[in-house]
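Reader: Hi! I'd like to get to know this structure a bit better. Could you walk me through it?

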Amino acid sequence: MSEKKILIIDDDQPLLLGLTTRLKASGYSVVTAADAITALTVARKELPDLIILDLGLPGGDGFLVLERIRSLADLAVTPVIVLSARDPAGNRKRSLDAGAVAFFQKPPDNHEFLNAIRQALGETIALSAFLKT
Amino acid sequence: MTETAGPSTSLRSGRDDKYVTTQDTSENPPQPAPYTIEVVELSPSLRAELLDLEAWGEILATYGRTMGVAVALTDAQGRLLGETHNAQPVWKLMHDTAPNWAGVCPFCVTLGLPCTAVAEALDTGGVVMTRDQAGLTHVAVPLLLGKQPLGAIIAGQVFDRYPEPLPLRRVAKEFDVAPQQLWDVARKQRPVSGSSLRASGDLLRALGHAFLRQRYAAILETKLAETNGRFRLLVEEVRDYALFTMDPLGRVTSWNCGAERLLGYAEAEIVGQNFSCIFTPEDIENRVPEGQLHEAMQAGRAENEGWRVPANRKQFWADVNITALLGDAGTIRSFAIIMQDVSERRRIAALLEETRLERGRLQEEFLSHVSHELRTPLTAIYFFITNLFDGLLGDLTPEQHATLALAVDNVKQLKDMVSDLLDITRVETHKLTVEPQYASPVKLIAEVLSTCSTNATLKNIHLRSDIAPGLPFVWADPARVRQILINLIDNGIKFTGEGGTVTVANKTFPETHGFLCLSVSDTGCGISPENREIIFERLTQLKSGGETSRGGLGLGLFISKELVLQHGGRIWLESRLGRGSTFYFTLPVFALAKLCAAVFTAANLESGSVTLMAVDVVEVEGALQADLLTEMRKVLERCIRPGQDVLLPAMSDTEPVDSFFIVASAGDSGSSVIASRVSRELQNFDRTSKLKPAISSTTLHLLPGESGEEHFDEIAARIERLIQAHLLHKESLK
């Protein structure tokens, strides 16, 4: 099975660096984008298996990016995890309503965060696999 | 007055001849007093005032002089109050020789034997005549006010016939007086016959009674005049309050200067008018004045605030207090109204509240901004350090590893402080909220223990849990409960020395029924009583056992307290200096019966069964999306029949929640109605058929007589067990 590809959209370079190391170590390949416009281009080109999305981005709000991603046929079902410094009150619900699978406030707990990624990638949903067979 | 014509007289046998004259009030009513006085319980000071010797002096002295007897006033115990008027020679002689006759009737020339004349007179209300050993006679006249014994008048100390030598000699010997001396003195006294002494006793009784009533009335009148004067002065001088009275129909009957100043009407123009004239037209239309009168009439008083309109039509905000004044028969005779202009107070209060909210809003905005800005670099640091710590960037020496462990711990502390900063602002702007759900305390405690174990291990502290099996589920916000527990445990770790123990346990108190009580105890330095008071206040930081360790912002316990209160629980602590502390907090136990209350009605349970329906949803492609499940809940909400079925909240605390439960009444027919609605609605909702709902029902048959309210908890418990079994079964499939 080939490596799952994760796109991180965040304008904070140090964060991109730190998170990339962590994800690569967990066996994922990583691509990054630091603003809204690049993010959509990269997403369309790379067709990642999962997207980690910041909400405060240069060039457009994270919710806009999420909306655009959902409207693209290729990316409509790609799971998106929101990772933002914003207050979970309100933003968590708004993110989930807009189609994200999870919301994490920065900084996330490594363990919980990776679990959520694995779950979103269908790696831990044994039930759905069980039902498919 | 003679024995046959006068009041009935009885002869008592005893050591002395004693006659009791009792006035039978029913047969022989007393002379009508000029006015009747209802006597209230007499205070000691009023008693003293009623028996004031100076007031009585003249009447008693005159009586004694006229009748040729000695007269004295006693209290209700028979003790002489002051001197005897017109003291008789024998009495003077005996008193000079034996001045200390404590407890002995001062009028009896008898040693050692008690005279009960006063007590008997007060007891019977009649005049009691008694003759002592020497042949001297006296009468005790009761002084009663209503039925309350006040004291007595004793008159007498005269021979009721010519003195006999033999008893006199015996008495002289007893008192150690020369018999000749006593004889000489006695001979000088004029004998008064028994019948005339009794008659004078009756006269004295009437006199005493009349004088007492008169005196009582006079005292009351003086007091009333004083009170009235003071009250009138008070009412008239009060300028800041409008004080006025109304009749039961709301017509003004009096009006003070404060009312005139505040409302602009002179007393002459407003008296007789209905008080509704000072209300706004809207209030009058809405019958507010009548409502207030009605309230005051029902409850005895009415308090309210509202606009009032004075003569110049410039309305003000008034604080009004209406009191109903009762008449004799308990009916409302009038109303007293106290009114104050509180427009300024109201304006300032509104301004203050506005300022406070504005300040809170600015503070929240600022802290939210700060928190946001701090989080971004903190996240990068967190990733870098954990990457290093986990060896993602190469192997570490044990020393490096230990150092990085400290760094990780510090970053976590920093993260918590940033969260606390926002929470504290939310407390102030009342925005700190909890979202309770069905939650397992056992699971929460296990999670928290694993989170805190690193910290505990670092300090070589034994972290353990002592939880009884079968803890009930709670109705609480899991994230917030975790936060409370972590705060308490971290606190315990902070204040406990190396090798100590921090224990999470559950506790049962009789007063915490309906709540689960959890405790976090440590074996640390303990908290002094004065600190126990302030520990839950914001920004409280205690020195940990002399060493100055960095302790965060001092907001943890304050926030924990707020969170516990938000859950409807309470938090407190027990502590012994040097021995450790235990923090307790309570969370409401999840009560399915409460949620099902709408369904558990006699009509619904008549069918003899309740059905539990489970709707399990799986998404065919990919992972379940939270928003789909949220929508699903809304769909189910539409499918249930209001008043008959209940859609339960999430009954498992694992994410995502993909099982929904409905408690339906009216047995199988009810659940089949819902089942068909669910399938129809879902077809509309999910045209792509990504969701696969599986509906299963279990019907709970009630035993005859089990539909009573006392069985609701039991039925709910059975339903809860079914739900748990269902979830366990599903878990096992995964």
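**Getting to know the two chains**

Author: Happy to! Chain B has an accessible surface of about 38100 Å², and carbon and sulfur atoms account for 54% of that. Keep in mind that this is a predicted model.

Reader: Got it. How many helices and strands are there in chain B?

Author: Chain B contains 22 helices and 22 strands. As for burial, 45% of its 734 residues count as buried.

Reader: And which share of its contacts joins residues 24 or more positions apart?

Author: Taking the contacts in chain B with a separation of 6 or more, 65% are between residues 24 or more positions apart.

Reader: Cool. Now chain A: what pattern does it follow along the sequence?

Author: Chain A reads β-α-β-α-β-α-β-α-β-α-α. That comes to six helices and five strands.

Reader: How much of chain A is buried?

Author: Of its 133 residues, 51% are buried. The accessible surface of chain A is about 5900 Å², with 55% belonging to carbon and sulfur atoms. Looking at contacts in chain A between residues at least 6 apart in sequence, 60% join residues at least 24 apart.

Reader: Let's go inside. Which residues have the most contacts within the largest nonpolar core?

Author: Those are B:L485, B:I489, B:F583 and B:F585, in a core of 41 residues. There is also a second, separate core of 28 residues, which includes A:I8, A:I81, A:F104 and A:A116.

Reader: Why would nonpolar side chains be buried together?

Author: It's a general tendency: in soluble globular proteins, nonpolar side chains tend to be buried together.

Reader: Back to B:F583, then. What is B:F583 in contact with?

Author: Setting aside neighbours within four places in sequence, B:F583 is in contact with several residues, including B:L488, B:L518, B:V520, B:I527, B:F536 and B:W572. Among its contacts are also B:N491 and B:S519.

Reader: New topic: charges. What about B:D522, is it buried or exposed?

Author: B:D522 is buried, yet it has no salt bridge. The nearest side chain of opposite charge is B:K459, 9.9 Å away. You'll find B:D522 in strand β16 of chain B, residues 515-522.

Reader: Which backbone nitrogen lies 2.9 Å from a polar atom of the B:D522 side chain?

Author: That of B:G524. Beyond its neighbours within four places in sequence, B:D522 is also in contact with residues including B:G492, B:T496, B:R579 and B:S581.

Reader: And B:D319, where is that one found?

Author: B:D319 is in strand β10 of chain B, residues 316-326. Its relative accessible area is 27%, so B:D319 is partly exposed. The C-alpha atom of B:D319 is separated by 6.5 Å from that of B:D341, although the two are 22 residues apart along the chain. Leaving out neighbours within four places in sequence, the contacts of B:D319 include B:N304, B:E305, B:I338 and B:R345.

Reader: How many salt bridges are there over all chains?

Author: A search of the whole structure finds 15. In one of them, A:K5 pairs with A:E46, with the closest N and O atoms 2.8 Å apart. A:K5 lies in strand β1 (residues 5-9) and A:E46 in helix α2 (residues 36-46) of chain A, so the pair ties together parts that are 41 residues apart in sequence.

Reader: Why does A:K5 count as partly exposed?

Author: Because its relative accessibility is 21%, and buried means under 20%. A:E46 counts as partly exposed as well, at 23%.

Reader: Nice, that was a narrow one! Which residue does A:D61 meet in a salt bridge?

Author: A:D61 meets A:R86, at 3.1 Å from N to O. This pair links distant parts of the chain, 25 residues apart: A:D61 is in the loop between β3 and α3, and A:R86 in the loop between β4 and α4 of chain A.

Reader: Any salt bridge to look at in chain B?

Author: Try B:R251 and B:D247, whose side chains meet at 2.7 Å, N to O. B:R251 is partly exposed, with a relative accessible area of 38%, whereas B:D247 is buried at 14%.

Reader: Last one: which residues do shared salt bridges join into one network?

Author: A:D10, A:D54 and A:K106 are joined that way.

How values were computed
Residues are numbered from 1 along each chain as its sequence is written. Chains are lettered from A and ligands numbered from 1 in the order in which they are written. This is a predicted model: local features need pLDDT of at least 70, side-chain atom pairs count only at pLDDT 80 or more; totals for chains, interfaces and linings use all residues. Side-chain values use heavy atoms; hydrogens and water are left out. A nonpolar core is a set of buried Ala, Val, Leu, Ile, Met, Phe, Trp, Tyr and Cys residues joined through side-chain atoms within 4.5 Å. Buried means under 20% relative accessible area, exposed over 50%, partly exposed in between (1.4 Å probe, protein chains only). Contact means heavy atoms within 4.5 Å. Helices (H or I, at least four residues) and strands (E, at least two) are DSSP runs, numbered from the N terminus. Accessible areas come from the Shrake-Rupley method with a 1.4 Å probe; for residues, only the protein chains shown count as cover. Lys and Arg count as positive and Asp and Glu as negative; His and the chain ends are not counted. A salt bridge is a side-chain nitrogen of Lys or Arg within 4 Å of a carboxyl oxygen of Asp or Glu. A polar contact is a pair of N or O atoms within 3.5 Å; within protein, one must be able to donate a hydrogen and the other to accept it, and residues adjacent in sequence count only if both atoms are side-chain atoms.
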